[in-house]
Amino acid sequence: MHSFSDWNQLHGIDAATLEDIIAAFRSGAVSTQPYTPSEITSRRGDGPSLAKQNECYEKLVIPAFLSAFGNSATVLAALTSIRFTGFDEEDAKVPYTLDCGKGDAPRIVMSWWGRPADLICLAHETAHALQIILSDHERMAPLARETCAFLGELLVIEHARRHHPSLFALLHDVWRAESRRYLGADLDTLAAAVADPTTPYHYRQNYPLARLAAVHLFRRRKPGQLHALFASGESAMPHLPLEAMANRAGDIANYLPPMPAPDAERPSMEAYRSLGAMVLLDIDRLQGPSEKRIEAYYGELLRHLQDQTAYVTLDSDDRPVGYATWATRPGDGAVTLTRQSAPFGDHLMVQKSLERHLGWSGRVAAHHAKSAQQAQIAW
Ligand SMILES: [Zn+2]
């Protein structure tokens, strides 16, 4: 593989999809953070010792992968078969994982200094080795391979979040620092290559999309999905959420801050927060409810909150993306939406979350009073 267009062909990605993903990333429409602010603990203090590589592998990496892969015996056997060696001289070299062929376990070559970054590296390379074994040595496209590796990093970070909060803080710092390069200089290089497909191929061009895809998959992970991706070998590409990320292009970036975690002990505070979120969402429309007289507007929304006929949808970053209000017909309880607002283009997300909230699907009659032209297209 020599030029960037060869890379495109190998992965079966067209330039428009790449442009859309980059545009979606630049407008802030795709998430770059594996965690919402409320999920991040920043407890500093003593964590498990990182002095020995083999202990870190046995006590942190293996349990992290096992719990994410549903304690699969196949995965445990694979993880215990992986072999490790260091570099000949202890100077800085790029770590790698060697596929030693069928019937032979992969070998990870890396240095160990006992730093949090070394543990992230160990997680990354372990994911490469596991993906080689589960794919039965079938060659996986580099973009998919690196997505697996970044997911492996996140599995260990997540394991630390649950069991070793002080280690989590350190690992999360490493993740963020490394993301700055992957989604900074590396993404600029990728964007330049997309603009000129004759650009010589460089392996780092895989990292930005793999980073974004890993975050996307990690945040929406479902049982069995990880195993399917790691075992997919040559057919890995359909497992990556490239289309979903590209589809975010053109959405207006949501600049609203995340909502604080719900506070069940202070329901009136919760009501005010919801009301505030609705107002902010409505201000985003040029015409509509935000132009109503404030007493009427406030009175109407407050009544919905009191009747519990209003629902604010948050995205995976806890930011409000839209809301809906509805009326329930006395007697048969049929629901008619009286307003649906999704100023950033998240109509489907609002609809889905509303259906979940109401506990059923497909029975909402929409009443498009003045509630957004866009809504009628998407709903
Ligand atoms: Zn890698």
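**Nonpolar cores and aromatic contacts**

When neighbours within four places in sequence are set aside, F65 is in contact with L79, A123, T126, A127, L130, G152, L155 and V156. The structure described here is a predicted model, and F65 is one of the residues with the most contacts inside its largest nonpolar core, a set of 80 residues. F69, L119, L130, L143 and F230 are likewise listed among the residues with the most contacts inside this core, and L130 is in addition one of the contacts of F65 itself. The largest share of the core is supplied by helix α6, which spans residues 142-163 and contributes ten residues. Apart from this assembly there is a second, separate core, which is made up of 13 residues and includes A277, Y297, V312 and Y323.

The aromatic residues were then examined as pairs. A pair of aromatic rings is described by the distance of the centres and the angle of the planes. Counted with a limit of 6.5 Å between ring centres, the model contains twelve aromatic pairs. One of them is formed by F4 and W7, whose rings are stacked, with 5.0 Å from centre to centre and 15 degrees between the planes. Both F4 and W7 belong to helix α1, which covers residues 4-11, and they are three residues apart, or about one turn of the helix. F4 is classed as buried because its relative accessible area is 1%, and W7 is likewise buried, with a relative accessible area of 0%.

An edge-to-face arrangement is found for Y57 and F84, an aromatic pair with 4.7 Å between the centres and 70 degrees between the planes. This pair links distant parts of the chain, since Y57 is placed in helix α3 (residues 53-68) and F84 in strand β1 (residues 83-85), with their positions 27 residues apart in the numbering. The two partners fall into separate classes of accessibility: Y57, at a relative accessible area of 6%, is buried, whereas F84 counts as partly exposed because its relative accessibility is 28%, a value that lies between the 20% and 50% limits of that class.

Further along the chain, F150, W175, Y182, Y203 and Y207 together form one aromatic cluster. Two members of the cluster are also faced by the side chain of an arginine: R211 lies over the face of F150, at 4.6 Å from the ring centre, and R211 lies over the face of W175 as well, in this case at 3.4 Å from the ring centre.

Notes
Residues numbered from 1 in each chain as written. Heavy atoms only, no water. Phe/Tyr/Trp six-rings, centres within 6.5 Å; stacked < 30°, edge-to-face > 60°. Helix = DSSP H or I, 4+ residues; strand = E, 2+ residues; numbered from the N terminus. Buried < 20%, exposed > 50% of the residue type's maximum accessible area, 1.4 Å probe, protein only. Lys NZ or Arg CZ within 6 Å of the ring centre and 35° of its normal. Core = buried A, V, L, I, M, F, W, Y, C linked by side-chain atoms within 4.5 Å. Contact = heavy atoms within 4.5 Å.
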